[in-house]
Amino acid sequence: MPELPEVEALKDFLAEHLVGHEIVRVLPVAISVLKTFDPPLSAVEGHEVTAVRRYGKFLDIATADGPHLVTHLARAGWLQWKDRLPDGPPRPGKGPLALRVALETGAGFDLTEAGSQKRLAVYVVGDPQEVPGVARLGPDPLADDFDERRLAELLAGERRQLKGALRDQSLIAGVGNAYSDEILHAAKMSPFKLAASLSAAETGRLYAALRDTLTDAVERSRGVAAGRLKAEKKSGLRVHGRAGEPCPVCGDTVREVSFSDSSLQYCPTCQTGGKPLADRRMSRLLK
């Protein structure tokens with residue numbers, strides 16, 4: 001799933017390639033991707049792109065005197081840039097292509113989505129705040145005014161585990177499954193630790209890990225072409241998606257806890273005092 005660093009890199013890439021150019025055609029291939037109907041998708045056609053912005057994991061393409069084209073790539077969505085789009089309209093079918101945006105230059109991009117769960121979302125709105133997911137977003141963790149005190153305020157009273165709290169977009173915008181694992185590993189904290197139980201020192205450690213992990217990931221992604229961002233993300237992860245491999249910090253084996261639709265990875269030595277976390281789903285499978 002694209003998270004804050006990858007979406008930030010996509011924002012920079014699109015700003016370089018879209019701003020100052022006219023959108024001449026927007027072609028939906030999978031109707032399910034459209035989450036709004038008024039104004040219509042065609043309302044962005046004939047307008048020049050003036051800016052590209054990021055709101056959490058949402059991408060906002062702003063047009064001059066026109067509406068905004070807002071996209072959320074969800075779990076399996078991606079953006080594929082093409083210096084020259086194929087001639088003729090795309091054909092609806094069972095492939096991953098969901099939507100195509102064409103510029104006056106002949107270049108443009110495709111939005112694609114792999115898998116059977118179709119969650120990729122496109123909105124055409126007068127203001128990004130009209131998108132429910134954008135309106136619900138919590139503060140951006142890389143914003144200048146997001147300091148340690150702000151994090152402490154957000155976590156105070158949170159009776160959830162840290163893993164779930166970090167992934168809650170209404171609490172902190174942009175962090176997903178992968179980077180929450182990475183942040184907690186860097187902070188040397190259990191994903192099952194209660195968010196409200198953190199001491200002042202632990203909050204400081206979590207804040208430093210949050211900012212450093214995301215900032216480093218953004219810097220690694222900066223300037224990387226859209227087609228290589230997925231590989232860049234994976235290469236920079238230390239524990240997420242690396243169950244069974246040695247921890248790069250202590251050498252212990254990275255463990256995994258599985259859920260119905262996701263999993264988390266952690267290092268017992270670095271994060272849980274050497275104790276493996278309960279994995280009820282795997283325990284049931286082994287019975």
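Which strands does helix 1 lie across, and at about what angle does helix 1 run to strand 2? This is the opening task of a short set of exercises on a predicted model.

**Exercise 1: helix 1 and the strands**

Solution. Begin by finding helix 1, which covers residues 4-18, and then look for the strands that this helix passes over. Helix 1 lies across strand 2, strand 3 (58-63), strand 5, strand 6 (97-103) and strand 7 (108-113). As a last step, compare directions: helix 1 runs at about 165° to strand 2.

**Exercise 2: the order of the sheet**

Task: work out in what order the strands of the open sheet stand, and explain why strand 5 and strand 8 each have one side without a neighbour.

Solution. The first step is to write down the order of the 8 strands, which is 5-7-6-1-2-3-4-8, with antiparallel pairing. The second step is to look at the two ends of that order, where strand 5 (77-82) and strand 8 (121-125) stand at the edges; each has a single partner strand, so one side of each is left without a neighbour in the sheet. The third step is to follow the twist, which averages 25° from one strand to the next.

**Exercise 3: bridges between strands**

Task: determine how many bridges join strand 1 to strand 2, strand 1 to strand 6, and strand 6 to strand 7, and give a residue pair for each.

Solution. Take strand 1 (residues 22-28) and strand 2 (residues 47-55), which pair in the antiparallel sense over 2 bridges; here Glu-22 stands opposite Glu-48 in strand 2. Next, turn to strand 1 and strand 6, which run antiparallel and are joined by 5 bridges, with Arg-100 in strand 6 as the bridge partner of Leu-27. Then go on to strand 6 and strand 7, also antiparallel and joined by 5 bridges, where Ala-102 stands opposite Gly-108 in strand 7. These two strands form a hairpin with 4 residues between them, and Gly-106 in the turn has a positive phi of about 95°. To complete the picture of strand 6, note that this strand is mostly covered, since 7 of its 7 residues are buried.

**Exercise 4: a buried threonine**

Task: decide whether Thr-112 is buried or exposed, and find which residues Thr-112 touches.

Solution. Thr-112 is found in strand 7. A residue counts as buried under 20% relative accessible area, and Thr-112, at 8% relative accessibility, therefore counts as buried. Leaving out residues up to four places away in sequence, the contacts of Thr-112 include Trp-78, Gln-80, Leu-97 and Leu-120.

**Exercise 5: the nonpolar cores**

Task: find which residues of the largest nonpolar core touch the most other members, and which element gives the most to this core.

Solution. The largest nonpolar core has 33 residues, and Leu-14, Leu-18 and Phe-109 touch the most other members. Among the elements that each supply at least two residues of this core are helix 1, strand 1 and strand 8, while helix 1 gives the most, with 6 residues. Taking Leu-18 as an example, and not counting residues up to four places away in sequence, we find that Leu-18 touches Val-49, Val-52, Ile-61, Trp-81, Leu-103 and Phe-109. A second, separate core of 27 residues includes Ile-172, Ala-195, Tyr-207 and Ala-217.

**Exercise 6: two packed helices**

Task: describe how helix 1 and helix 6 pack, giving the angle and the distance between their axes.

Solution. Helix 1 and helix 6 (residues 200-221) pack at an angle of about 35°, with their axes 8 Å apart, and their crossing is right-handed. At the contact, Leu-4, Pro-5, Glu-8 and Ala-9 in helix 1 meet Leu-214, Ala-217, Val-218 and Ser-221 in helix 6. Sorted by class, this contact has 6 nonpolar, 1 polar and 1 charged residues.

**Exercise 7: backbone features in the loops**

Task: find which peptide bond is cis, and decide whether Asp-65 and Ala-74 are buried or exposed.

Solution. The peptide bond from Asp-38 to Pro-39 is cis, with omega near 5°, and Pro-39 is found in the loop between strand 1 and strand 2. Asp-65, in the loop between strand 3 and strand 4 (68-72), has a positive phi near 55° although this residue is not a glycine. With a relative accessible area of 81%, Asp-65 is exposed. Ala-74, in the loop between strand 4 and strand 5, has a positive phi of about 55° and is not a glycine; with a relative accessible area of 9%, Ala-74 is buried.

Definitions and conventions:
Residues numbered from 1 in each chain as written. Predicted model: local features only at pLDDT ≥ 70, side-chain atom pairs only at ≥ 80, totals over all residues. Heavy atoms only, no water. Axes fitted to C-alpha atoms, helices over the stretch in contact; angles between N-to-C directions. Left-handed = near helix turned anticlockwise from the far one by under 90°. Contact = heavy atoms within 4.5 Å. Nonpolar A, V, L, I, M, F, W, Y, C, P; charged D, E, K, R; others polar. Pairing = 2+ DSSP bridges. Buried < 20%, exposed > 50% of the residue type's maximum accessible area, 1.4 Å probe, protein only. Core = buried A, V, L, I, M, F, W, Y, C linked by side-chain atoms within 4.5 Å.
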